[in-house]
Amino acid sequence: MNADFLVLKVQDEVGSLDELMEGEPLPMGTRTEVMGMLENALPSIDWNGASGLWWSGEVFSVEAVLPAAEEVVRSVTLKVRLNPAMASGPLIRADEAELETFLLALCDPQGWSLFELGSGRAYRFSDEVDVLPARSSKSSLRSAGLVN
């Protein structure tokens with residue numbers, strides 16, 4: 001399972017990227033602040049310029065990419081990649097839940113919204129994620145738009 005996500009801060013709940021009005025994404029913070037928030041949610045993230053790479057054990061990685069040369073950040077791209085050695089088998093629900101927990105820990109405290117870049121739809125966390133209060137809609141990372 002490989003998927004790309006766009007993280008934005010929007011004032012109102014939006015169902016898809018198509019529904020966003022021009023200029024609607026709000027500033028997420030300064031580059032330093034956003035990097036700190038990413039570090040809080042993704043422990044041991046390794047920064048290399050405008051992107052940071054984080055591995056969860058041996059199963060998947062998350063690369064966080066900040067727009068280059070912008071001091072005030074308005075979006076972050078998350079590239080989720082399954083370890084090629086694990087790609088021969090299905091993503092185990094426990095691994096999927098772990099990733100979803102980290103994504104929720106990243107987005108929820110900051111009021112950020114997560115969008116699947118493959119489909120443009122807002123990502124809905126499953127009710128099974130119990131780090132923070134349960135959400136009302138059901139979905140899983142398996143429904144995220146696939147990327148190369």
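Of the 148 residues in the protein chain, 43% are buried, where buried means under 20% relative accessible area, exposed over 50%, and partly exposed in between (1.4 Å probe, protein chains only). This is a predicted model, in which local features need pLDDT of at least 70 and side-chain atom pairs count only at pLDDT 80 or more, while totals for chains, interfaces and linings use all residues. Residues are numbered from 1 along each chain as its sequence is written, and side-chain values use heavy atoms, with hydrogens and water left out.

**Fold and sheet**

The protein chain holds two helices and eight strands, in the order β-β-α-β-β-β-β-β-α-β from the N terminus. Helices (H or I, at least four residues) and strands (E, at least two) are DSSP runs, numbered from the N terminus. Six of the strands form an open antiparallel sheet, ordered S3-S4-S5-S7-S1-S8; two strands pair if DSSP finds at least two bridges between them. Strand S3 (46-48) and strand S8 (113-116) are at the edges with a single partner strand each, so one side of each has no neighbour in the sheet. On average, neighbouring strands of this sheet are turned by 25 degrees against each other, direction ignored.

Within the sheet, strand S1 (residues 3-8) and strand S7 (residues 76-82) run antiparallel and are joined by five bridges. Alanine 3 has valine 80 as its bridge partner in S7. Helix H1 (residues 31-41) lies across S3, strand S5 (60-65) and S7, at about 150 degrees to S3. Axes are lines fitted to C-alpha atoms, for helices over the stretch in contact, and angles run from 0 to 180 degrees between N-to-C directions.

**Cores and contacts**

The largest nonpolar core has 32 residues, and Val76, Leu78 and Leu114 have the most contacts inside it. Such a core is a set of buried Ala, Val, Leu, Ile, Met, Phe, Trp, Tyr and Cys residues joined through side-chain atoms within 4.5 Å. S1, H1, S5, S7 and helix H2 (93-107) each supply at least two residues of this core; H2 gives the most, with six residues. A second, separate core of seven residues includes Val14, Leu20, Phe115 and Ala122.

Apart from neighbours within four places in sequence, leucine 78 is in contact with residues including Phe5, Val62, Leu103 and Leu114. Contact means heavy atoms within 4.5 Å. Of the contacts in the protein chain with a separation of 6 or more, 60% are between residues 24 or more positions apart.

Asparagine 83 sits in the loop between S7 and H2 and is buried, with a relative accessible area of 17%. Its C-alpha atom is 9.3 Å from that of tryptophan 55, 28 residues away along the chain.

**Salt bridges**

The whole structure has three salt bridges, each a side-chain nitrogen of Lys or Arg within 4 Å of a carboxyl oxygen of Asp or Glu.

| Arg | Acidic partner | N to O distance |
|---|---|---|
| Arginine 81 | Aspartate 4 | 2.9 Å |
| Arginine 124 | Glutamate 13 | 3.7 Å |
| Arginine 121 | Glutamate 116 | 3.6 Å |

Arginine 81 lies in strand S7 and aspartate 4 in strand S1, so their pair ties together parts 77 residues apart in sequence. Arginine 81 is partly exposed at 22% relative accessible area, whereas aspartate 4 is buried at 12%.

Arginine 124, in the segment after S8, and glutamate 13, in the loop between S1 and strand S2 (29-30), are 111 residues apart. Arginine 124 is partly exposed at 29%, and glutamate 13 is exposed at 71%. In the remaining pair, glutamate 116 is buried at 2% relative accessibility, while arginine 121 is partly exposed at 43%.
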